[in-house]
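Please open the structure in a viewer and keep the selection tool at hand. The tour below proceeds by successive selections.

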Amino acid sequence: MRAILDHVGIAVQDLELALKFYRDALGLEVEAPEEVASQRVRARSVPVGQAALELLEATSPDSAISRYIEARGPGMHHITLRVEDIHAAAAQLASRGVRLVDPEPRVGAEGALVVFVHPSSAHGVLVELKQGARVPSDLSLTRIRLGDLQLTSLHDGLFRLDGGAMFGVVPRTMWEKTTAADDRHRIQLAMRPLLVEGEWGRMIIDCGAGDKWTPKERDIYAFERGRHLDHALADAGLDAGAIDVALATHLHFDHFGGATVRGHMGLAPRFPRARYAIRVAEWLDALHPHERNRASYLGDNFVPLKDAGVVDFYENDQTIRPGVRVVRTGGHTGQHQIVYIESGGRTAVFTADLIPTTAHIHDPWIMGYDLFPMETLVVKKRVIREAIDREHLIFFEHDPLVAAGYIRERDGRRFVEPVR
Ligand SMILES: [Zn+2]
């Protein structure tokens, strides 16, 4: 079990008097007061590094805090440790004979799940375990008609990457206002392949991470694929056999890991009838990774495709199927490309890792993963300017909440208007 200190709860007679020490004498910053009606307490949180001191004043004589002060006087009331999986933590403690106040985790303040360990089992200290509220995500299918084409945003579940790496030079004090990080500094991301259906057939653009993962990799990337691409295809009334073309924006595992599956005959193409459209220069880069990108290019995800004879290699920017055009951006990888989908006078852009989430619509918010960030900057500025001016519909492949939307600019402020 990993546990980190979340806060120390301190029972006080009078909040205002307590602030004379914690705020005025110590000179610490204090957050706005918070009334927790269910506990009949008023709280002031005093951040100290990653953790906080929580000053608790009873608002009613039957509150646990008044009873505590009556019996023992004011002072330290509890400590709270944050854990990742509170059900596993509670089960582990129970199996070792630790006495829990609640038999099962329950919902506490701010929607977090909590469980209390009885002080008799914790050497006189009331210990609260807490699992942070889950980052919201929305993986429901988004269907959009674009001229003659039907676009359906699918998904291959969720995963997490280091928040710092996702925002490059942007400091955490800025990005964490829009994107919450977990105890291991990772942020929640989705994998959203796009289905394009035309008279010519069905194409999937990227195909998620797939499930060829070791326990160690599952732990590092926190894959949540209880519902994955097969479920999303089924929700769209399809299965893997319905795909005619699988197009790769680039060959990183979170984009094309789902291109192969491990069966009893070894590794095989995931979509049994599909041709796989891959830019040859990206293929060569993926086959010859260096120290900086080796963790992202995993041969099992693409080498078996060539062995099976299902790859259509191509060289330059071009139309892959009527209305679907690839444009090399470079930046993220040497040959990273985005996909323009054009029909009926309208344009949608599948931006892959050029604009991975809605938080990345600001020009300098560029991933630390990018091999050529200045190339990303130049291309991204142009793509976003065009998207705003010409109302291009943007697909955000990694956003946990928003599959697609329009980038707008009003009074110098840039934002995304989601489309559902
Ligand atoms: Zn990616």
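The stops that follow concern domains, a sheet, a helix and the nonpolar cores. The model on display is predicted.

**The domains.** Begin by colouring residues 3-131 as domain 1 and residues 142-418 as domain 2, in accordance with the domain assignment of the protein chain. The C-alpha centres of domain 1 and domain 2 lie 42 Å apart.

**The sheet.** Next, select the open sheet of seven strands, whose order is 9-10-13-14-15-18-19 and whose pairing is mixed. Strand 9 (142-146) and strand 19 (311-314) form its edges; each has a single partner strand, so one side of each remains without a neighbour in the sheet. From one strand to the next, the twist averages 20°.

**A parallel pair.** Within this sheet, display strand 14 (residues 201-205) and strand 15 (residues 245-247), which run parallel and are joined by three bridges. Opposite Met203, the viewer will show Val245 of strand 15.

**A crossing helix.** Now add helix 9 (residues 280-287), which lies across strand 18 (275-279) and strand 19. Helix 9 runs at about 80° to strand 18.

**The cores.** Which residues have the most contacts inside the largest nonpolar core? They are Val196, Ala246, Phe350 and Phe395, in a core of 74 residues. Helix 11 (residues 373-390) supplies the largest share of this core, namely four residues. Centre the view on Ala246: leaving aside residues up to four places away in sequence, Ala246 touches Ile204, Cys207, Ala259, Phe271, Ala274 and Tyr276. Finally, select Ala11, Tyr22, Ala52 and Ile65, which are among the 13 residues of another core lying apart from the largest one.

Key: Residues numbered from 1 in each chain as written. Predicted model: local features only at pLDDT ≥ 70, side-chain atom pairs only at ≥ 80, totals over all residues. Core = buried A, V, L, I, M, F, W, Y, C linked by C-beta atoms within 7 Å. Buried ≥ 20, exposed ≤ 12 C-beta atoms within 10 Å, placed from the backbone. Helix = DSSP H or I, 4+ residues; strand = E, 2+ residues; numbered from the N terminus. Contact = placed C-beta atoms within 7 Å. Domains from an automatic or database assignment. Pairing = 2+ DSSP bridges. Axes fitted to C-alpha atoms, helices over the stretch in contact; angles between N-to-C directions.
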